[in-house]
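Colleague: I am new to this model and would rather understand one part of it well than skim the whole. Please choose a single part, look at it closely, and then show how it connects to what lies around it.

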Amino acid sequence: MKLKAGNFVVYEKEKTSTHPSPRAEKVFPAQHGDTYSYVIRKFWKVLRVCEDETIEVETRRGKRRTLTPGDHRLGKAGLWQRLLFKDRFF
């Protein structure tokens, strides 16, 4: 996957909680039922691709994250995702 500045990406962040949020996907209970593990989709914009190929992204609220390009949870947003979730990108 070749990314460049300005591209939109979708990141599937893995979380654990006693109360999953309404946007939680792939929800699985813990072995004893105390907590749940789940995935939240994050919609970010690529700010820049560094020389070492790490990717700097910006969240909707202005936070910045650095990701590795081989991360299996990272994917380029397709046309349908950009249209369906346009309010969640920016």
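**A strand and its surroundings**

Modeller: Strand E4 is covered on both of its faces, for Ile 55 and Val 57 on one side and Glu 56 and Glu 58 on the other are all buried. Please keep in mind throughout that this is a predicted model. The strand itself comprises residues 55-58, and its surroundings can be followed through its pairing partners.

On one side of the pairing scheme is strand E3, which pairs with E4 in the antiparallel sense over 4 bridges. Two of the residue pairs can be named: Ile 55 in E4 is the bridge partner of Val 49, while Glu 58 in E4 is the bridge partner of Lys 45. Between E3 and E4 lie 5 residues, and the two strands form a hairpin in whose turn Glu 53 has a positive phi of about 70 degrees.

The other partner is strand E5, residues 64-67, which is joined to E4 by 4 bridges and runs antiparallel to it. Here Glu 58 appears again, this time standing opposite Arg 64 in E5. E4 and E5 likewise make a hairpin, with 5 residues between them, and Gly 62 in its turn has a positive phi of about 95 degrees.

The charged residues of E4 deserve a separate look, beginning with Glu 56. With a relative accessible area of 12%, Glu 56 falls under the 20% limit and is therefore counted as buried. Its side chain meets that of Arg 64 in a salt bridge, at 3.5 Å from N to O. Arg 64, by contrast, has a relative accessible area of 53%, which is over the 50% limit, so it is classed as exposed. Salt bridges that share partners bring in Arg 48 as well, joining Arg 48, Glu 56 and Arg 64 into one network.

Following the pairing outward from E4, one comes back to E3, which spans residues 36-49 and is joined to strand E1 (residues 8-17) by 10 bridges, the two strands running antiparallel. Phe 8 stands opposite Lys 45 in E3, and Lys 45 is the residue already met as the bridge partner of Glu 58 in E4. Strand E2, residues 25-29, is also antiparallel to E3, with 3 bridges between them, and one of the pairs there sets Glu 25 against Val 39 in E3. These two strands form a hairpin with 6 residues between them, where Gly 33 in the turn has a positive phi of about 80 degrees.

Salt bridges also occur among these outer strands, and a search of the whole structure finds 5 of them. One of them is made by Lys 26 and Glu 12, whose closest N and O atoms are 3.4 Å apart. That pair links distant parts of the chain, since Lys 26 is in strand E2 and Glu 12 in strand E1, 14 residues apart. Glu 12 has a relative accessible area of 25% and so counts as partly exposed. Another salt bridge joins the side chains of Arg 41 and Glu 25, at 3.4 Å from N to O. Arg 41 lies in strand E3 and Glu 25 in strand E2, so this pair ties together parts that are 16 residues apart in sequence. Both ends are partly exposed, Arg 41 at 23% relative accessibility and Glu 25 with a relative accessible area of 27%.

Two further places complete the picture. Asp 71 sits in the loop between strand E5 and strand E6 (74-76), and at 12% relative accessibility it counts as buried. Although Asp 71 and Tyr 11 are 60 residues apart along the chain, their C-alpha atoms are separated by 9.2 Å. On the surface, a positive patch is formed by Lys 13, Lys 15, Arg 23, Arg 60, Arg 61, Lys 63 and Arg 65. Of these, Lys 13 belongs to strand E1, and with 30% relative accessibility it counts as partly exposed.

To return to the starting point, E4 pairs with E3 over 4 bridges and with E5 over 4 bridges, while Ile 55, Glu 56, Val 57 and Glu 58 are all buried.

Conventions
Residues numbered from 1 in each chain as written. Heavy atoms only, no water. Patch = residues over 30% accessible without salt bridge, like charges linked within 9 Å, V, L, I, M, F, W, Y side chains within 5 Å. Areas by Shrake-Rupley, 256 points an atom, 1.4 Å probe, with all protein chains shown as cover. Salt bridge = Lys/Arg side-chain N within 4 Å of Asp/Glu carboxyl O. Lys, Arg positive; Asp, Glu negative; His and termini not counted. Charge placed at Lys NZ, Arg CZ, Asp CG, Glu CD. Buried < 20%, exposed > 50% of the residue type's maximum accessible area, 1.4 Å probe, protein only. Pairing = 2+ DSSP bridges.
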